[in-house]
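Take a walk through this model, one element at a time. Keep the sequence at hand as you go.

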Amino acid sequence: MTHRRGAGLPGGAADGSATTRGGGTWDSALSSEEFAAIKGAGFEPVGQVLGAAVFSIGSSGVWGCPGAWSVADGRKVPPSSAWTSSFSQLVRAMYTGRRLALDRAVAECRALGGDGIVGVKLRVGEFPAGGTEFTALGTAVRARSRVRPRLPFTSHLGGQDFAKLVHSGWIPTGLAFGIALEIRHDDWRTSRRIRWTAGNQEVDGYTQLINFVRQDARRQLALDAAKHGGDGVVVDDVELRVRESECPTYGYSRDLTAEAVFVGSSIARFDRSERPTGPRPLTIMKLERER
């Protein structure tokens with residue numbers, strides 16, 4: 001888990017670990033550059049933390065062909081996280097798995113006396129014995145200050161980016177997610193435009209599907225960032241997956257499902273003075289005596 005780019009550093013700092021004042025040893029997923037940047041921002045690592053959760057996701061809540069209508073029809077569609085959405089059960093499970101893994105990493109951070117977690121890597125994959133595994137891995141850090149956050153923060157930002165944020169008067173408040181799913185049935189208009197005889201033209205139904213699902217995920221990301229008390233959000237990753245399946249209602253046609261996932265760190269300003277960042281201007285004084 002550790003980077004060994006710090007050859008020549010004293011003690012265990014060369015392999016991503018170091019000895020604490022009390023004689024114990026902490027480990028981290030930080031490189032030597034990240035370690036130095038975090039120390040320069042007034043924080044120190046206290047240990048590597050990991051949270052995991054395995055979910056069996058066997059039901060999406062979708063029945064029949066919910067995409068028989070078209071996004072292009074101009075109908076008002078509820079977000080996929082809403083109770084009235086066909087994908088509400090699946091989307092809630094995707095949120096719950098990520099948050100549960102992150103909460104367990106935060107619990108480890110608290111046990112180490114940390115004030116937050118930097119460099120969070122959130123992964124979702126298949127579990128070998130079946131199901132979906134959610135993991136959150138990062139490095140817990142503690143501020144060298146009397147002022148401490150009430151709750152540990154979480155952030156995807158690495159050491160250097162975290163330090164830049166702190167020096168600029170901002171602090172991460174939490175890892176935020178935006179997840180959206182939508183399905184679209186290939187209606188007659190779409191079927192005509194994807195034939196090889198149709199020539200070069202936009203398939204507006206597909207365009208509207210991916211735009212709709214991205215906008216929905218972006219809205220959910222902003223709402224989640226606001227729940228963490230953030231003034232804004234720094235986006236880490238944007239994923240879009242599109243898969244097709246045979247329509248369960250009309251076997252001769254297909255449905256197209258689009259899934260968008262936004263991940264980012266909500267940030268809040270702790271320095272309200274709006275002072276400019278970067279080096280302070282030099283003070284210039286005259287050296288010659290006035291006559």
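Start at one residue pair: Glu126 stands opposite Thr132 of strand 5. The model is a predicted one. Around this pair, strand 4 (residues 116-126) and strand 5 (residues 132-143) run antiparallel, joined over 9 bridges. Helix 1 (residues 32-40) packs on the sheet here. Helix 1 touches strand 3, strand 4 and strand 5, and its direction makes about 115° with that of strand 3.

Now widen the view to the sheet. It is open, has 4 strands in the order 3-5-4-6, and its pairing is mixed. Strand 3 (43-55) and strand 6 (153-154) form the edges, each pairing on one side only. In a regular strand, side chains alternate between the two faces of the sheet. Helix 2 (residues 88-111) lies across strand 3, strand 4, strand 5 and strand 6. Its direction runs at about 145° to strand 3.

Next, look at strand 9 (residues 254-269). Which strands pair with strand 9 in the antiparallel sense? Strand 7 is one of them, over 15 bridges. In that pairing, Leu181 stands opposite Glu259 of strand 9. Strand 8 (residues 232-246) is another, joined to strand 9 by 14 bridges and also antiparallel. There, Leu240 has Ala260 as its bridge partner in strand 9. Why is strand 9 largely enclosed by the rest of the structure? Because 15 of its 16 residues are buried, with buried meaning under 20% relative accessible area.

Strand 7 (170-185) leads on to the largest pocket, where it is among the elements that give two or more residues to the lining. The others are helix 2 and strand 6. Strand 7 gives the most, with 6 residues. In total, 28 residues line this pocket. Pro149, Leu151, Pro152, Phe153 and Thr173 lie nearest its centre. The space in the pocket comes to about 730 Å³.

Finally, step back to the whole chain. It holds 5 helices and 9 strands. From the N terminus, the elements run β-β-α-β-α-β-β-β-α-β-α-α-β-β. Of the 291 residues, 42% count as buried. The chain exposes about 17000 Å², and carbon and sulfur atoms supply 52% of that area. How much of the contact count, at a separation of 6 or more, comes from residues 24 or more positions apart? The share is 72%.

Terms used
Residues are numbered from 1 along each chain as its sequence is written. This is a predicted model: local features need pLDDT of at least 70, side-chain atom pairs count only at pLDDT 80 or more; totals for chains, interfaces and linings use all residues. Side-chain values use heavy atoms; hydrogens and water are left out. Buried means under 20% relative accessible area, exposed over 50%, partly exposed in between (1.4 Å probe, protein chains only). Contact means heavy atoms within 4.5 Å. Accessible areas come from the Shrake-Rupley method with a 1.4 Å probe; for residues, only the protein chains shown count as cover. Two strands pair if DSSP finds at least two bridges between them. Axes are lines fitted to C-alpha atoms, for helices over the stretch in contact, and angles run from 0 to 180 degrees between N-to-C directions. On a 1 Å grid over the protein atoms alone, a cavity is a set of points where a 1.4 Å probe fits but cannot get out, and a pocket is an open set with protein on both sides within 12 Å along at least five of seven lines; lining residues have an atom within 4 Å of a point. Grid points are joined across faces, edges and corners, and a volume is the space filled by probe spheres set on the points.
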